[in-house]
Each structure stands twice: as structure tokens, then as C-alpha cells.
Amino acid sequence: MSRDPDPRSTADGLFAPPRRALVVGLLLTITLVASESLAISTVMPIVARALGGLELYGWVFSAFFLGSLVGIVVVGGLIDRGGLRGPFVAGISLFAVGLLIGGLAPTMPILVAGRFLQGLGAGAVPPIAYVSIGRALPDRLRPGMFALLSGAWVIPGIVGPTLAAAVALAFDWRAVFLGLLPLVGIGGALTFVALGRVAGPKGTGVVADGSRTAARDAPEVDPGLEHAAELRVAASARRRLPLALLVAAGAALVLEGLTNGSPAVLAIGVGGGLVILVPAFARLTPAGTLRLRPGLPSTVLLRGILTFAFFAADAYVPLAIQGGRGESAVLAGIANTVVTLTWTTGAWFQSRTSERIGPERLVRSGFGLVVLGVAGFATLLVPGVPVAASIGLWGLAGLGMGMAYASLSVLILRRAPAGEVGAATSALQLSDVLGTALGTGIGGAVVAVGVRAGAGVNPGLAVAFGLAGAVGLAGLAASERLGGRRSE
């Protein structure tokens with residue numbers, strides 16, 4: 001019986017010469033994003049003590065993801081028109097400016113503003129990665145590529161959190177932000193070169209080595225039809241930007257209403273924010289997304305439910321360890337390392353089993369593990385429970401994320417209509433980032449309520465972890481809408 005080629009082989013795998021530059025470039029870019037995310041998550045309790053404004057703790061994360069939301073939608077529309085290099089340069093530049101502002105921030109609100117710019121730039125990365133994978137790699141190599149992208153978090157996950165904690169304690173937390181800038185420049189330059197070798201959309205005649213196909217080999221395309229298609233895509237990009245801004249503004253109003261503490265602001269913010277957010281989100285995602293219609297719509301919405309459930313807890317793991325139990329930032333870094341390694345293990349597992357048991361089943365199993373991991377880590381808030389045991393249980397959530405997150409990525413590429421991969425992956429990432437922003441923001445809001453009431457951080461953390469678990473259970477039930485193969 002014949003076997004498929006090993007995705008890692010050099011003959012016809014991910015690292016075959018025509019694909020090697022792209023694979024390495026994407027891995028470098030994701031590694032930088034991972035380093036920033038894990039480092040800042042680890043040192044945020046130190047930053048909050050230095051700048052004050054613990055009530056804005058959640059906003060430091062939410063602002064980043066709201067900025068990413070806008071960047072994802074804009075870039076997703078642009079890259080269906082053609083090149084990837086222009087959006088990438090804009091994105092990596094904004095990311096660097098945001099890092100600079102964050103590293104020099106004198107107050108928490110300025111830090112939040114810098115994080116928004118960082119997110120705006122980082123939002124360019126996922127659609128570019130997804131579309132370049134869709135254009136350059138055959139279906140059989142995509143599960144392995146998504147596993148590699150998850151694996152790009154391994155080295156930052158092992159070294160980054162502990163190194164960030166050590167730098168912040170030995171020097172200053174600002175060095176964690178500013179020290180990443182030279183790496184962004186190097187990684188950005190290498191990825192820029194690699195993206196030049198990715199084929200353009202069907203009909204452009206651009207092939208994977210960056211050259212043009214000969215006229216006799218290029219498909220004949222009616223110039224009038226091609227121009228009409230370009231106009232439709234341009235119009236779509238112009239339409240998506242205001243809608244993306246409405247989604248971000250609506251989410252920001254909801255989070256401000258929840259965080260502010262005033263009953264009037266709560267009612268106006270949450271009510272007004274939902275009125276703005278929900279219709280705009282519905283127009284930016286496939287029809288039936290909010291109703292969990294089977295197929296592409298349910299795939300998109302479940303990604304947001306998954307990220308809400310995980311990140312509503314994950315953003316506050318360092319705060320629970322340092323503020324709730326009084327342990328060191330180094331131990332918080334170890335917790336980030338554990339969940340990163342288990343996430344990578346889950347992604348590796350899905351890459352080996354996706355074709356045999358089906359990505360739909362992996363999504364369902366992943367949701368179950370996320371719920372177990374969140375519940376297990378919440379035991380940290382019980383006096384006397386060993387911190388190491390809670391951190392070990394938290395690793396289950398990472399394992400579940402690796403299985404479910406990568407499987408949803410595989411499903412979106414399979415289910416996206418031809419010529420609409422950019423829009424479909426943009427919708428997936430929009431749901432992903434909105435779920436993360438709302439999860440971290442609502443978690444921060446309930447922590448802020450406890451702080452203002454003088455109860456400390458533990459009661460709010462307990463509510464945040466409970467919310468994360470409840471949303472994870474809802475996602476587990478909703479994952480039946482994916483269809484596909486089911487467990488017996």
C-alpha cells in the first residue's frame with residue numbers, strides 16, 4: 001500500500017526547495033508574535049504595579065486584539081486582490097511602532113494605546129499566513145504546516161516567559177518591549193523576501209517562484225471579466241473596513257460598560273455596543289454564522305467561542321499565580337511554558353490524526369480538554385492546593401487548544417469557496433480575535449469589580465475562570481453543528 005509523502009521530507013514536503021523560503025519566513029514571523037505575546041503576558045502583573053491602574057489590566061490585552069480585529073479584516077480583503085508584500089510591510093511597521101510606544105509608556109492608558117497599534121499591525125499576519133498556505137501548499141501538507149506554526153511557539157514558550165521575567169526583575173519591564181524591536185526588523189525582512197515567491201490569486205499568472213508563466217501556459221482570462229472581479233474585490237475591501245471599525249467600536253463599548261463601574265455606563269455601553277457589534281459582525285462573516293449553520297458558518301463561530309473560553313482564563317494565569325498566591329513571575333512564566341508545550345503537542349497530534357479520525361472530532365475533543373484545563377487551574381484559588389498541580393492541570397487546556405484550533409484552520413481551507421479563501425480566513429480570524437478580545441476584556445472587567453470593592457483579585461479571578469469554563473461547555477455542545485465524522 002502506498003503512503004503519502006512525509007510532510008517534513010525535503011523531496012516533496014514542506015521544506016522542498018520551492019516552499020522552503022515561505023515556510024521558514026512564516027515560522028520566523030509567528031515566532032516573533034509568540035515571543036511578544038508570552039513575554040508581555042508574563043510581566044503584566046509587574047507592569048500593573050509599576051504604572052498603577054490594575055482596573056485597565058484586561059484592556060492591555062483587549063486593545064491588542066481589537067486592533068488585530070481591524071487589521072485582519074482590512075488585510076483579508078486586500079490580499080484577495082493580489083500581492084501579500086504591501087500588507088505585510090504595513091503590518092510589521094505598525095507592530096514595531098506599537099512596541100516602541102509600549103516600551104516608553106509613562107501611564108497605563110498610553111500602554112493600552114501602544115498595544116492597540118501593535119494589534120493593528122499583528123492583524124496582518126494571520127490572513128497573510130493562511131492565504132499564502134492556501135496558495136502555495138497542497139491540501140495534504142496543510143495539517144503539517146499548521147502544526148509547524150503551532151510549533152513555532154515552542155522555543156518562545158520554553159525560553160520566552162522565564163527570560164522575560166528575569167529581564168523585568170533584573171533590569172526593567174520596558175526592556176521586554178524594546179528588546180524585541182531588532183528581532184522584528186530581522187524577521188520582517190526575511191519574511192518579506194519569502195512572500196515574493198508566493199503565487200498570486202488564480203488568473204494573475206504568478207507562480208510560486210515569483211516569475212510569470214509563459215503566455216502559452218497561462219490560463220486565458222477575459223480581461224473584462226478579470227477587471228470586473230478586481231472591482232468587486234476592491235468594493236468589498238472598502239465595505240469591510242467601516243464594518244470592522246464598527247465591530248471593534250462595539251466590542252470596546254461593551255468592555256468599557258463592563259469595566260467602568262457606573263450603572264449608567266454599564267447599560268449604555270453594553271446595550272449600545274451590542275447594537276453596533278452584532279449586525280456588523282454578521283455582515284463580515286458567512287451567512288448563518290450567528291445561527292451556527294452547519295459548514296463554513298459554524299466553523300467560523302466556533303473559533304471565536306474557543307478563543308473566548310481559553311483566553312478568558314489564560315490572560316489571568318500570571319495574575320492568579322503572582323497576585324492571587326504571591327508566587328514569583330518566574331513561576332508564572334513556567335505556567336506559560338507548560339501550556340505552550342501542550343498546545344504544540346495537541347497541534348502535532350491533529351497533524352498525525354486529522355485525515356484518519358476527522359478534524360470535526362478533534363474539535364469536539366479539544367473543547368472538552370479546554371474545559372477540564374480551566375477547571376483544573378481554578379483550583380489554584382483554593383488555599384492549600386499545590387501551585388504545581390494547578391499548573392499541570394492547566395496544561396490540559398493547551399492540549400485541547402492545539403487539537404481544536406489547528407483543526408478549525410484545516411476545516412476553513414477545505415470549506416472556503418474557490419476565490420474566497422482570503423475572505424473566509426479573514427472571517428475565521430475575525431471571530432478568533434473578537435472571541436479573544438471579549439474573553440480577556442470581560443475577565444478583566446470582573447477582576448476590576450473585585451478590586452474596586454476592596455476584595456482583592458481572587459473573587460474576580462474565580463468568576464473569570466467560571467465564565468471561561470461555561471463558554472467552553474457551550475462550545476462543546478455547539479461543535480455538533482460542524483457535521484463530519486463523529487465519535488462512536
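These are legends for a set of close-up views of one predicted model.

**View 1. The whole chain, an all-helix affair with 18 helices and zero strands.** Start here to get your bearings before zooming in. Of the 488 residues in the chain, 54% are buried. If you count contacts with a sequence separation of 6 or more, 79% of them join residues 24 or more positions apart. On the outside, the chain exposes about 19100 Å², and carbon and sulfur atoms supply 68% of that area.

**View 2. Confidence along the chain, with a pLDDT that averages 81.** A pLDDT of at least 70 is reached by 85% of the residues. Among the elements, helix α15 (residues 359–378) has the highest mean pLDDT, 95, while helix α10 (residues 223–260) has the lowest, 70. Two stretches call for some caution. Over residues 1–10 the pLDDT is below 50, and this stretch has 15 contacts in the model beyond near neighbours in sequence. The pLDDT is also below 50 over residues 203–231, a stretch with 24 contacts beyond near neighbours in sequence. Where pLDDT is low, the predicted coordinates shouldn't be read in detail.

**View 3. Helix α12 (residues 296–314), mostly covered.** How many of the residues of α12 are buried? The count is 19 of 19. The helix geometry also checks out: at 1.5 Å a residue, 19 residues should span 27 Å, and the end C-alpha atoms are indeed 27 Å apart, so the two values agree.

**View 4. S431, a serine in helix α17 (residues 421–452).** S431 has a relative accessibility of 2%, so it counts as buried. Who are its partners? Leaving aside neighbours within four places in sequence, S431 is in contact with F281, V300, L301, R303, G304 and T307.

**View 5. M401, set in helix α16 (residues 387–415).** Is M401 buried or exposed? M401 has a relative accessible area of 0%, which makes it buried. Not counting residues up to four places away in sequence, M401 touches L306, F310, F311, W343, V370 and A406. For a sense of how the chain folds back here, take T345: M401 and T345 are 56 residues apart in sequence, yet their C-alpha atoms are 9.8 Å apart in space.

**View 6. The E355–R414 salt bridge, one of five in the model.** The closest N and O atoms of E355 and R414 are 2.2 Å apart. E355 lies in helix α14 (residues 329–357) and R414 in helix α16, so the pair ties together parts that are 59 residues apart in sequence. R414 is partly exposed, at 33% relative accessible area.

**View 7. The E480–R364 salt bridge, with its closest N and O atoms 4.0 Å apart.** What does this pair tie together? E480 lies in the segment after α18 (458–478) and R364 in helix α15, so the bridge ties together parts that are 116 residues apart in sequence. The two partners fall into separate burial classes. E480 counts as partly exposed, at 37% relative accessibility. R364, at 9%, counts as buried, because the cut-off for buried is under 20%.

**View 8. The R174–D172 salt bridge, with its closest N and O atoms 3.9 Å apart.** R174 has a relative accessibility of 24%, so it counts as partly exposed. D172 is partly exposed as well, with a relative accessible area of 33%.

**View 9. A nonpolar patch on the surface, formed by V24, L28, L183, I186 and L190.** Together these residues have about 410 Å² of accessible area. Which elements give two or more residues to the patch? They are α1 (17–51) and α9 (181–195). Helix α9 gives the most, with three residues. One residue to pick out is L183, which lies in helix α9. At 45% relative accessibility, L183 counts as partly exposed.

Definitions and conventions. Residues numbered from 1 in each chain as written. Predicted model: local features only at pLDDT ≥ 70, side-chain atom pairs only at ≥ 80, totals over all residues. Heavy atoms only, no water. Helix = DSSP H or I, 4+ residues; strand = E, 2+ residues; numbered from the N terminus. Buried < 20%, exposed > 50% of the residue type's maximum accessible area, 1.4 Å probe, protein only. Contact = heavy atoms within 4.5 Å. Patch = residues over 30% accessible without salt bridge, like charges linked within 9 Å, V, L, I, M, F, W, Y side chains within 5 Å. Areas by Shrake-Rupley, 256 points an atom, 1.4 Å probe, with all protein chains shown as cover. Salt bridge = Lys/Arg side-chain N within 4 Å of Asp/Glu carboxyl O. pLDDT = per-residue confidence, 0-100. Expected span 1.5 Å × (residues − 1).
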